[in-house]
Amino acid sequence: MMRPLVSIVIPSYNQGKFIRETIQSCLDQDYRPIEIIVQDGASKDETVELLKSFDASELSWVSEPDKGVADALNKGLARARGEILTIQSSDDVFLPGAIQAAVEALKRNPDAGLVYGDVSHIDEDSVATGQDVQDEFDLADYLGRFMYIPQPGTCFTRAAMERAGRWREAYSYAADADFWMRIVTRFPVLKLNRFVAAYRYHPEQRDTQKARIAKDWEGALADLLAGDS
């Protein structure tokens with residue numbers, strides 16, 4: 001049977017401290033074929049030199065100015081060729097077997113649009129600090145923010161992406177949640193009962209902006225309910 005190409009899109013800006021580990025976790029996956037697409041926003045740190053140091057045909061990268069993470073993601077997704085896609089932050093990592101497990105789940109459930117799993121937590125030195133085990137997906141709980149879909153390790157189909165559209169800069173602090181909303185209201189969702197990625201907590205990450213995340217989530221939900229997304 002043909003094995004679908006999986007596109008891993010990594011937006012990046014000044015994440016030279018972490019991006020080598022992120023890319024290596026992609027290359028270490030036991031699933032093939034994959035393509036790793038780094039969309040870097042003209043980083044001023046060592047990111048570009050690190051990208052140049054990789055000798056891997058599965059990795060391609062561009063470093064150019066962008067308008068922020070949503071713009072970078074849209075550029076990267078436009079370059080992607082895979083039937084299955086996943087977005088990985090440049091400071092997070094995949095755990096072994098994550099891509100294989102996601103592909104198998106989507107192949108068993110061809111109508112599904114998205115598959116997610118559990119995540120562990122690591123600090124800026126890659127030391128384990130905890131874990132986050134999610135329940136089975138429930139649409140009402142998701143829209144009400146009683147649960148969430150972790151971005152690291154979540155995979156989605158090209159059909160789902162084409163229905164969902166682009167990441168929206170207007171809700172940049174909840175752009176992934178906004179994107180998931182537009183998928184999960186149109187396609188069945190799968191939950192893997194396994195850890196698929198490690199989510200890194202460090203002082204510079206955007207996820208420390210709780211008030212802005214909440215505001216953007218509410219805006220994205222209002223658009224969804226009004227039929228504007």
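# Exercises on side-chain contacts and helix packing

Serine 12 has its place in strand β1 (residues 6-12), and the exercises below, which start from this residue, concern a predicted model.

## Exercise 1: Serine 12

Determine whether serine 12 is buried or exposed, and which side chain it joins in a polar contact.

Solution. The first step is accessibility: serine 12 has a relative accessible area of 5%, and because buried means under 20%, the residue counts as buried. The second step is the polar contact, which joins the side chains of serine 12 and aspartate 40 at 3.1 Å. The third step is the wider surroundings, where, not counting residues up to four places away in sequence, serine 12 touches Ile19, Val38, Gln39, Asp40, Gly41, Ser43, Thr47 and Ser90.

## Exercise 2: Glutamine 39 and its partners

Find the element that holds glutamine 39, and work out with which side chains the side chain of glutamine 39 makes polar contacts.

Solution. Glutamine 39 belongs to strand β2 and, with a relative accessibility of 2%, counts as buried. Its side chain makes a polar contact with the side chain of glutamate 64 at 3.3 Å, and the side chain of glutamine 39 makes a polar contact with that of arginine 79 at 3.1 Å. Once neighbours within four places in sequence are left aside, the contacts of glutamine 39 include Ile10, Pro11, Ser12, Val62 and Lys75.

Glutamate 64 can then be followed one step further, since the side chains of lysine 75 and glutamate 64 meet in a salt bridge with an N to O distance of 3.3 Å. That pair links distant parts of the chain, with lysine 75 in helix α3 (residues 69-79) and glutamate 64 in the loop between β3 and α3, 11 residues apart. Lysine 75 is partly exposed at 26% relative accessibility, and glutamate 64 is partly exposed at 30%.

## Exercise 3: Two further salt bridges

State how many salt bridges the model contains, and describe the parts of the chain that are linked by arginine 200 with glutamate 21 and by glutamate 58 with arginine 32.

Solution. The count comes to 11 salt bridges. In one of them, arginine 200 pairs with glutamate 21, the closest N and O atoms being 3.0 Å apart. This pair links distant parts of the chain, namely strand β9 (residues 189-200), which holds arginine 200, and helix α1 (residues 19-27), which holds glutamate 21, with the two positions 179 residues apart. Arginine 200 counts as buried at 0% relative accessibility, whereas glutamate 21 is partly exposed at 34%.

The side chains of glutamate 58 and arginine 32 also meet in a salt bridge, at 2.6 Å from N to O. Glutamate 58 lies in the loop between α2 (47-53) and β3 (59-63), and arginine 32 in the loop between α1 and β2 (34-40), so the pair ties together parts that are 26 residues apart in sequence. Glutamate 58 is partly exposed at 23% relative accessibility, and arginine 32 is partly exposed at 29%.

## Exercise 4: Helices α7 and α8

Classify the arrangement of α7 and α8, and name residues through which they meet.

Solution. Two packed helices are described by the angle between their axes and the distance between the axes. The axes of helix α7 (residues 175-184) and helix α8 (residues 210-226) come within 9 Å and cross at roughly 25 degrees. Because angles under 35 degrees count as roughly parallel, α7 and α8 are roughly parallel to each other. The crossing in which α7 passes α8 is right-handed. Ala177, Asp178 and Met181 in α7 meet Trp217, Ala220, Leu221 and Leu224 in α8. Asp178 is also linked with Arg168, Arg182 and Asp223 in a network of salt bridges.

Definitions and conventions. Residues numbered from 1 in each chain as written. Predicted model: local features only at pLDDT ≥ 70, side-chain atom pairs only at ≥ 80, totals over all residues. Heavy atoms only, no water. Salt bridge = Lys/Arg side-chain N within 4 Å of Asp/Glu carboxyl O. Helix = DSSP H or I, 4+ residues; strand = E, 2+ residues; numbered from the N terminus. Buried < 20%, exposed > 50% of the residue type's maximum accessible area, 1.4 Å probe, protein only. Polar contact = N/O pair within 3.5 Å; in protein donor to acceptor, adjacent residues only side chain to side chain. Contact = heavy atoms within 4.5 Å. Axes fitted to C-alpha atoms, helices over the stretch in contact; angles between N-to-C directions. Parallel < 35°, antiparallel > 145°, perpendicular 65-115°, else oblique. Left-handed = near helix turned anticlockwise from the far one by under 90°.
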